[in-house]
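Work through the exercises below with the sequence and model open. Try each task before reading its solution.

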Amino acid sequence: MPESAPAKLNLFLQVTGRRPDGYHLLDSLVVFADIGDALDAAPAEALSLTLDGPEAGALAAEPDNLALRAARALADAADVAPQAALRLTKRLPVASGIGGGSADAAAALRVLARLWNLRLPADRMREIALSLGADVPVCLASVPHRMRGVGEVLSAAPALPAFGLVLANPRVALSTPSVFRALAGRYSGAAALPAGWDDAHAMAADLARLANDLEAPAIAICPAVAEVLAALRALPGALLARMSGSGATCFAIMPDAESAARAAASLPAAWWRWGGGLARPAPAPL
Ligand code: C5P
């Protein structure tokens with residue numbers, strides 16, 4: 001069974017400060033959509049990666065895919081030989097704020113821990129994940145979390161109601177460091193969240209009082225993000241529209257997965273777009 005690598009969405013993302021090493025401190029609510037990449041691993045003499053899927057083209061030129069780096073990091077940590085044939089089915093646009101590379105790296109850690117029969121403690125797995133990127137620990141869990149620190153401080157998310165999601169990307173790749181640079185030190189406070197929400201309207205109303213602080217800097221670099229947000233806000237039934245991560249993918253919160261799927265089909269065909277619900281119960285915890 002291939003391991004699923006679901007898209008991560010930041011329902012809000014406030015940047016609360018900066019560490020001396022330049023990494024930013026975040027406060028975010030992260031959920032996972034029912035679309036993602038898929039990663040399969042088969043026994044092999046050496047480490048290799050083949051790519052397929054609609055978004056594979058954008059990755060072909062990359063010399064060192066994050067899934068391969070994850071495989072080497074895990075093999076090093078466990079003191080085993082990095083032997084596996086990986087096949088990555090790429091459905092998420094690259095450099096798009098929904099954690100494609102991070103999700104792939106996390107899926108590689110999960111699938112190879114199984115293939116190599118490793119029993120590393122969960123905190124060691126999270127450390128390896130963090131060494132690969134700030135979003136990789138939350139992607140390793142692939143279930144909703146409140147995410148703080150630079151991405152390594154994970155706690156339980158509020159209880160979430162059922163809701164639908166539309167995702168749209170104008171097909172412009174945004175570089176995360178350049179979006180953080182454009183933020184230029186405009187920081188927010190931490191968020192106050194309830195223990196949970198009974199329905200999508202109440203959740204969207206609370207989220208509307210929070211922000212993705214990277215939205216304005218991303219729009220300054222890529223004005224198409226503002227067009228996507230306007231189109232998502234105009235969808236019938238949309239409860240909230242916001243950018244995810246450092247963009248350029250934006251999402252709308254919809255009353256349910258069915259209306260989200262219908263709404264996504266009405267967006268411009270030149271965009272990458274998807275509609276549905278949250279990822280179904282996640283991979284076995286590590
Ligand atoms: O950790 P990751 O490789 O995903 O981060 C890419 C870049 O995004 C970092 O090099 C850094 O410039 C920026 N970043 C940040 N603060 C974070 C996460 C990422 O400044 N919490």
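**Exercise 1. Locate Lys8 and decide whether it is buried or exposed.**

Step 1. Lys8 sits in strand β1. Strands (E, at least two residues) and helices (H or I, at least four) are DSSP runs, numbered from the N terminus.

Step 2. Count neighbours. Within 10 Å of Lys8 lie 29 other C-beta atoms, so Lys8 is buried. The cut-offs: 20 or more other C-beta atoms within 10 Å is buried, 12 or fewer is exposed, in between is partly exposed, with C-beta atoms placed from the backbone.

Two conventions apply throughout. Residues are numbered from 1 along each chain as its sequence is written. The model is predicted: local features need pLDDT of at least 70, side-chain atom pairs count only at pLDDT 80 or more, and totals for chains, interfaces and linings use all residues.

**Exercise 2. Which residues does UniProt list for "active site", and where do they lie?**

Step 1. The unreviewed UniProt entry lists Lys8 and Asp135. Such annotations may be inferred rather than shown by experiment.

Step 2. The two span 128 residues in sequence, yet their C-alpha atoms are no more than 8.9 Å apart, so they gather at one spot.

Step 3. Place Asp135. It is in the loop between α3 (122–132) and α4 (136–141). Asp135 is also buried, with 28 C-beta neighbours inside 10 Å.

Step 4. List contacts (C-beta atoms, placed from the backbone, within 7 Å). Leaving aside neighbours within four places in sequence, Asp135 touches Lys8, Gly99, Ser102 and Gly151. On the same basis, the contacts of Lys8 include Val30, Phe32, Ile98 and Asp135.

**Exercise 3. Which residues surround the ligand?**

Step 1. Take residues whose C-beta atom, placed from the backbone, lies within 6 Å of the ligand. They are Tyr23, His24, Leu26, Gly133, Ala134, Asp135, Val150, Gly151, Thr176, Pro177 and Phe180.

Step 2. Assign elements. β2 and α5 (176–183) each give two or more residues. α5 gives the most, with three.

Step 3. Assign domains, using bounds from an automatic or database assignment. Domain 1 (3–155) and domain 2 (158–276) both contribute to the shell, so the ligand lies between them.

**Exercise 4. Describe how the two domains meet.**

Step 1. Their centres, taken over C-alpha atoms, are 21 Å apart.

Step 2. The contact takes 23 residues from domain 1 and 32 from domain 2.

Step 3. On the domain 1 side, β1 (3–18) and β2 (24–42) are the elements giving two or more residues. β1 gives the most, with 10.

Notes: Two residues are in contact if their C-beta atoms, placed from the backbone, lie within 7 Å.
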